[in-house]
Structures are given as C-alpha cells and as structure tokens.
Amino acid sequence: MTWTELVMGSAAMRGEQPAVSDVRTGGMLSYAAFARRVTHAAAGLRRYGLRYRDRVLVDLPLGAALPVAVHAVAWAGGVAVLGSSGEARMMITHRGRDTSAAEVQHVFAVESAAGAVPFADLLGEATVEFGPLAGPALTLDGHRIFDHDELAGDLRKLVARLVVGKDDVVLAAVGDVFKGLRLLDAALMSGAHVVIAHEPTLIGCRVLAHEHGATIAVAPYELARRLVGTPALRVVDERAVVSSLVG
C-alpha cells in the first residue's frame, strides 16, 4: 500500500467516528469525511491542471485541513511541499497568508482570502479512485524528497513504536507542522482520534486531556516532561515521531 492508502485505510471501518478534532477552529473531521475530501480534492487539483510530479506548496497550520491538503496532493500524483516559498504549480494556504514568495499558477485558500480560489471549490463530484502506486510525494525543503514507499515504510515503523490503536485519543501538542503531519498519519492509520491543541500549555493540555479522555500526548520535551504523571495519559516526546526520517 502507498503512503496515502495507509493513512486512509481505516476510513471504511471507522466511518463517521471522529478522526481529527481541531481546537483552534472547533471543527471535527470524521474518517469518512477525511477520505472523501482527499479523493475529491485530488480530482479537483487535476481539474486545475496538476500533473504527475508537479509541486504544490502547502502552507497550513497544524489542523484538520493539513492532512486533507497534503494527501490530496499526493493522491493526485503531485509532490506536497511544506512551506510558503519556491517554484510550484499551485499553492494551498490558509486565510491571509502572504503568497508573494511563491511562483505558482493557482492559489487555493482553506478560509476566505482575496485573490485565492476557495479550497472547497476543489471538492466537486469527481473523485480519484486510485492514486499513484509509487513515486515522489513529500518534501520539507524542496531538495530532499520522500517517496511513497519511504513514507509508507517509515509510517508502519512509527505506528509500531508509538503503539497507537483505534481506541486511543491522541493529544497532539507538537511544535511544528511536519511532526504534526507524521503524528496525524500514524493516528489515522491506526483508527485513533486526534485532538489538536492550539498553542499548547501545561494547563491547556491537562484540560484537553480531561475533556476528551486522551490516552496519549505527544509534545516537545519540556512540555512532555511536565505532563508526565497526568492520570491515564501516556506521554511521548515529539522527537520520536520523525527521528527516523530526519535524523
């Protein structure tokens, strides 16, 4: 299975069960909605001219829209570039982000933004049933490119290390978008529910853990150290999430 197939693999079984809860927006994305948006947005990207190996800048904060955008690009055959600058065919951004450093043909915005096409416009009736079997899929800096096989293999190892299951509620208090994406990938592959903390603090994380019944928290070292001892919460240093890819 490819990287995106692994991440979407739990959708059929989990259906309308929550996949991602975004504290910043108050929104909740179900497993069925996640898979539906990925496959339909992939078709929308192709409709706007995305071709195999084309690069798409993805400049989004950690939230429910991030895995949808990244995996839609990968499922359409493109390469998701986590960042806001560089040469690419398209860009997917948040409301009000500066696009002046990007050399792109189309800009799609998750929230309303002047001069950008709403990301929702990509979600038409058409769908991409089968994504690419292999090939490039993701890059952080535009230079080192991770392919589907590398990302899928690492994801399997990550899930085994984190020991995440379908009954887990994962509190994501990570410090950057790439760590957040890898954590989301692992949790979604496992059928877990991810709660994304916004500007996480010790008190805020403890409140969220209590409200959502979190069983696992992934956070930067200092915050993770202070969360240790929270009842019923297993705490993981965020460095464990990406160490095998960026070490």
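Here are some notes on a predicted model, written to be read with the structure open.

1. Let's begin with the sheet. Seven strands make up an open sheet, and reading across it gives the order β9-β8-β6-β3-β4-β10-β11, with mixed pairing. The edges are β9 (117-118) and β11, each of which pairs on one side only.

2. At the β9 edge, β8 and β9 run parallel and are joined by two bridges. If you would like a residue to click on, try A109, whose bridge partner in β9 is P118.

3. Strand β8 also takes part in an aromatic pair, and the structure holds two such pairs. In one of them, the ring centres of Y48 and F108 are 5.0 Å apart and the planes meet at 85°; an angle over 60 degrees counts as edge-to-face, so that is the label for this pair. The two residues come from distant parts of the chain, 60 residues apart: Y48 sits in the loop between α3 (31-47) and β3 (55-59), and F108 in strand β8 (residues 106-109).

4. How buried or exposed are the two partners, Y48 and F108? Y48 is partly exposed, at a relative accessible area of 26%, whereas F108 is buried, with a relative accessibility of 0%.

5. The other pair is F146 with F178. Here the ring centres are 6.2 Å apart and the planes differ by 5°, so the pair is stacked. Because F146 belongs to strand β11 (residues 145-147) and F178 to helix α6, the pair ties together parts that lie 32 residues apart in sequence. Both F146 and F178 are buried.

6. That brings us to helix α6 itself, which covers residues 177-190. Its 14 residues reach 20 Å from the first C-alpha to the last, close to the 20 Å expected at 1.5 Å a residue. The helix is mostly covered, with twelve of the 14 residues buried. The buried set includes residues with charged side chains in their names' usual sense, among them K179, R182 and D185, alongside F178, L181 and L184.

7. Both ends of α6 are worth a look. At the N-terminal end, D176 acts as the cap, with a side-chain oxygen 3.1 Å from the backbone nitrogen of F178. After the helix comes G191, which has a positive phi, near 85°.

8. S190, one of the buried residues of α6, can be viewed together with A160. Their C-alpha atoms are separated by 10.0 Å, while their positions lie 30 residues apart along the chain. A160 is in helix α5 (residues 148-162) and counts as exposed because its relative accessible area is 57%, over the 50% cut-off.

9. Now for the interior. The largest nonpolar core has 69 residues, and the members that touch the most others are W3, L45, V58, V70 and L138. Helix α3 supplies the largest share of this core, nine residues.

10. W3 is a good place to centre your view. Leaving out residues up to four places away in sequence, W3 touches V70, H71, A74, A137, L138, H148, L151, A152, L155, R182 and D185. Two of these contacts, R182 and D185, are also among the buried residues of α6.

11. Finally, please don't miss the second core. This one is separate, has 16 residues, and includes V195, C205, A217 and L233.

Notes. Residues numbered from 1 in each chain as written. Predicted model: local features only at pLDDT ≥ 70, side-chain atom pairs only at ≥ 80, totals over all residues. Heavy atoms only, no water. Helix = DSSP H or I, 4+ residues; strand = E, 2+ residues; numbered from the N terminus. Expected span 1.5 Å × (residues − 1). Buried < 20%, exposed > 50% of the residue type's maximum accessible area, 1.4 Å probe, protein only. Polar contact = N/O pair within 3.5 Å; in protein donor to acceptor, adjacent residues only side chain to side chain. Phe/Tyr/Trp six-rings, centres within 6.5 Å; stacked < 30°, edge-to-face > 60°. Core = buried A, V, L, I, M, F, W, Y, C linked by side-chain atoms within 4.5 Å. Contact = heavy atoms within 4.5 Å. Pairing = 2+ DSSP bridges.
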